[in-house]
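Here are some exercises to work through with the model open in your viewer. Try each task before reading its solution.

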Amino acid sequence: PETSNRRMAAFANVQGRKTVSLPAAGANPPTAKQKRPPRPKEEPKPLPPVEAAKAASVKMDVSKAHSLFYLPCLRKVSKQLKFLDLVYSKASDPDIAIFWHDRLDVPVSKYHICRLGVGQHMNRYLNMQFQARKNTLTKKLNRLRELFPEDYNFVPKSWRFPWDVARWKRDAAKTVTGGKTAFYILKPDNGSKGQGIRLASHSNTLQCWADMSAGGPAGEDSEEDECVATKAKGAPKPGAIPRGVAAPAQSKKQKNPIPDFATGLGRQVCTQEYLEPYLLEGHKFDLRLYVVLASVNPMRGYLCRTGMMRKAMVPYHAVNEDNCGELHMHLTNTSLNSAWGKDESTDEDDSEEDEEDEEEDSDEEEEEDDEDDDEPADCKGLLSDVMCKLKANGVDTDALWQDITRIVRLTLNAIHPEVALNYSTCFQKADATAEMASAADGSRRGKKKSDEVKDGKVPEKSLAVFSDSLDPARCFQIVGFDIFLDKACKPFIIEINHNPSFKLPTELDIQIKTAALAGCLGIVCDKLMPFSDAASLPFHPPAPTPPPA
């Protein structure tokens with residue numbers, strides 16, 4: 001036995017293991033009541049900082065991230081956050097925590113969301129692009145303003161053409177009776193980047209809408225034909241109207257007929273009352289703010305304190321019949337003002353900065369050359385710089401920020417019901433799905449079918465079920481809010497953008513957009529993987545304070 005013990009001890013030393021020596025010859029074997037001494041527990045050694053970051057990394061799939069709009073910004077943010085790894089994988093990979101999807105040629109559907117596993121997230125909500133349409137948002141906000149006029153006083157007077165043309169006539173008649181010269185701004189419902197926006201006085205509003213419905217003034221080439229000619233030959237057609245210049249006045253014989261709005265004919269246009277702006281150094285401006293919609297049930301959003309100021313390049317003068325066609329004076333769209341001062345022959349060839357939302361029917365997705373590096377930064381600015389200038393002018397910036405926060409919260413409440421409903425359809429329980437299908441089938445086939453449903457028979461036709469639980473925080477999305485300040489420095493909401501651009505043509509864009517995107521991913525990753533470094537992430541949301549007793 002002693003020889004055997006020596007051999008086992010030598011073998012254990014070679015293998016690096018600790019063994020318990022066998023009892024010597026003649027010793028009594030251990031009984032059931034006698035317990036062997038416990039083995040000492042070895043404390044795990046702390047990993048080096050680099051290996052610890054790799055072990056706690058969050059993988060993000062960027063296979064469906066656009067190479068111009070988001071991918072460069074995501075790469076910069078991943079270097080800042082350290083724990084974020086960008087990979088190209090498939091939806092079936094369980095190690096992927098975040099799926100980034102912003103390609104317009106493959107829109108997000110219920111199929112993409114319902115395949116998410118536990119702990120996996122996607123940066124899109126279902127059908128969010130339709131909630132951000134100008135006419136859709138106008139319809140919701142107008143209804144709430146009628147119910148709560150004191151709360152929703154941040155909505156400018158808006159009408160949805162062609163459905164609200166009759167109401168616009170009644171409201172505009174009251175303005176004209178009061179002796180005011182009213183001007184209106186007409187925006188295409190599915191437009192972006194300032195394309196197709198017109199300004200018109202009260203007497204020319206319907207005719208301007210008729211020209212937009214016809215594709216342009218009578219006798220002129222439509223906007224669609226001009227775009228086709230630009231792509232094919234690299235130059236606009238002779239006689240085409242350059243961007244930023246209003247169409248010339250047409251004679252009575254050349255006017256387009258006004259569509260029959262009573263039957264719903266005509267282009268869908270959002271018409272808003274033109275408000276006198278608050279000027280900053282003699283220029284009109286607005287604010288682009290970034291909001292992270294982290295959950296819809298319950299609704300939870302985070303407003304980023306780093307935003308962008310967008311300025312019109314031409315000094316502002318009071319709007320009148322003579323200058324209402326000068327779009328570089330009255331519009332603050334970055335894509336429009338970035339081309340100010342450039343040669344008209346090369347204006348159409350330059351790629352455009354997309355600070356507005358990328359609509360689903362946009363054809364700008366196939367851009368190859370990114371020529372925005374030489375874009376002038378004069379039409380942009382930091383939100384913090386604007387707040388400092390407003391404070392120097394005597395504006396209460398703290399109260400202004402509280403009003404902006406209230407606007408964001410109430411606007412999210414307006415779109416919440418439909419967004420939450422669309423999201424809940426992706427995670428329906430099996431019994432709820434069968435009950436819905438049974439009720440629908442029973443209502444069609446009569447009482448006999450409904451009696452079978454009550455007996456517990458499940459109909460043959462039922463909706464596909466991919467998940468048996470509703471996760472309220474499986475999706476998130478960054479939404480752009482455009483805030484306008486009138487001459488009294490009162491904030492108004494102009495529109496929301498479901499897909500704001502995160503291109504980085506200038507150093508200012510890098511400073512603003514990387515901070516907003518890092519704050520968004522910090523919020524999401526803190527939910528996925530809480531760790532000690534989460535509190536040091538930029539724009540980490542503060543802990544909620546308990547309500548007063």
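**Exercise 1: a buried loop residue**

Cys489 is buried, with a relative accessible area of 12%. Keep in mind that this is a predicted model.

Task: find where Cys489 sits in the fold and say what is unusual about its phi.

Solution. Start with the location: Cys489 belongs to the loop between strand 13 and strand 14. Next, read off the backbone: phi of Cys489 is near 60 degrees, a positive value in a residue other than glycine. Most residues other than glycine have a negative phi. Finally, check the cover: with the cut-off for buried at under 20% relative accessible area, the 12% of Cys489 makes this residue buried.

**Exercise 2: another positive phi**

Task: is Glu281 buried or exposed, and which loop holds it?

Solution. Glu281 has a positive phi of about 60 degrees, although it is not a glycine. The residue is in the loop between strand 8 (269–273) and strand 9. Its relative accessible area is 60%, and since the cut-off for exposed is over 50%, Glu281 counts as exposed.

**Exercise 3: two cis peptide bonds**

Task: look at the bonds from Phe161 to Pro162 and from Asn297 to Pro298, and place each proline in the fold.

Solution. Take Phe161 to Pro162: this peptide bond is cis, with omega near 5 degrees. Pro162 is in the loop between strand 5 (158–161) and helix 7. Now go to Asn297 and Pro298, joined by a cis peptide bond with omega about 5 degrees. Pro298 falls in the loop between strand 9 and strand 10 (299–303). For context, most peptide bonds are trans.

**Exercise 4: aromatic rings**

Task: how many aromatic pairs does the structure hold, and what is the geometry of Phe161 with Trp168?

Solution. The count is 10 aromatic pairs. For Phe161 and Trp168, the centres are 6.0 Å apart and the planes make an angle of 80 degrees, so with edge-to-face set at over 60 degrees, this pair is edge-to-face. Now the cover on each ring: Phe161 is buried at 0% relative accessible area, and Trp168 is buried at 2%. For a further step, pick out the cluster of Tyr70, Trp100, Tyr290, Phe476 and Phe502, which form one aromatic cluster.

**Exercise 5: salt bridges across the sequence**

Task: how many salt bridges are there, and which parts does the bridge between Glu495 and Lys134 tie together?

Solution. The count comes to 12 salt bridges. In one of them, Glu495 pairs with Lys134, with the closest N and O atoms 3.7 Å apart. Glu495 lies in strand 14 (residues 491–497) and Lys134 in helix 6 (residues 134–147), so the bridge ties together parts that are 361 residues apart in sequence. Glu495 and Lys134 are both buried.

Then try Arg288 and Asp482, whose side chains meet in a salt bridge at 2.7 Å, N to O. This pair links distant parts of the chain, with Arg288 in strand 9 (residues 285–296) and Asp482 in strand 13 (residues 477–485), 194 residues apart. Again, both Arg288 and Asp482 are buried.

**Exercise 6: a salt bridge inside one helix**

Task: what separates Asp171 and Arg167 along helix 7, and how much of each is accessible?

Solution. First the contact: the side chains of Asp171 and Arg167 meet in a salt bridge, 3.6 Å from N to O. The two are 4 residues apart in helix 7, so about one helical turn separates them. On accessibility, Asp171 is partly exposed at 25%, and Arg167 is partly exposed at 24%.

**Exercise 7: a charged patch**

Task: which residues form the positive surface patch with Lys174, and where is Lys174 found?

Solution. The patch is formed by Lys157, Arg170, Lys174, Lys180 and Lys487. Lys174 is in helix 7 (residues 165–177). With a relative accessible area of 62%, Lys174 is exposed.

**Exercise 8: a contact in space**

Task: how far apart are Ala200 and Leu186, in sequence and in space?

Solution. Ala200 is in strand 7 (residues 198–201) and counts as buried at 4% relative accessibility. Ala200 and Leu186 are 14 residues apart in sequence, and 7.8 Å apart in space, C-alpha to C-alpha.

Technical notes. Residues numbered from 1 in each chain as written. Predicted model: local features only at pLDDT ≥ 70, side-chain atom pairs only at ≥ 80, totals over all residues. Heavy atoms only, no water. Patch = residues over 30% accessible without salt bridge, like charges linked within 9 Å, V, L, I, M, F, W, Y side chains within 5 Å. Areas by Shrake-Rupley, 256 points an atom, 1.4 Å probe, with all protein chains shown as cover. Salt bridge = Lys/Arg side-chain N within 4 Å of Asp/Glu carboxyl O. Lys, Arg positive; Asp, Glu negative; His and termini not counted. Charge placed at Lys NZ, Arg CZ, Asp CG, Glu CD. Buried < 20%, exposed > 50% of the residue type's maximum accessible area, 1.4 Å probe, protein only. Phe/Tyr/Trp six-rings, centres within 6.5 Å; stacked < 30°, edge-to-face > 60°.
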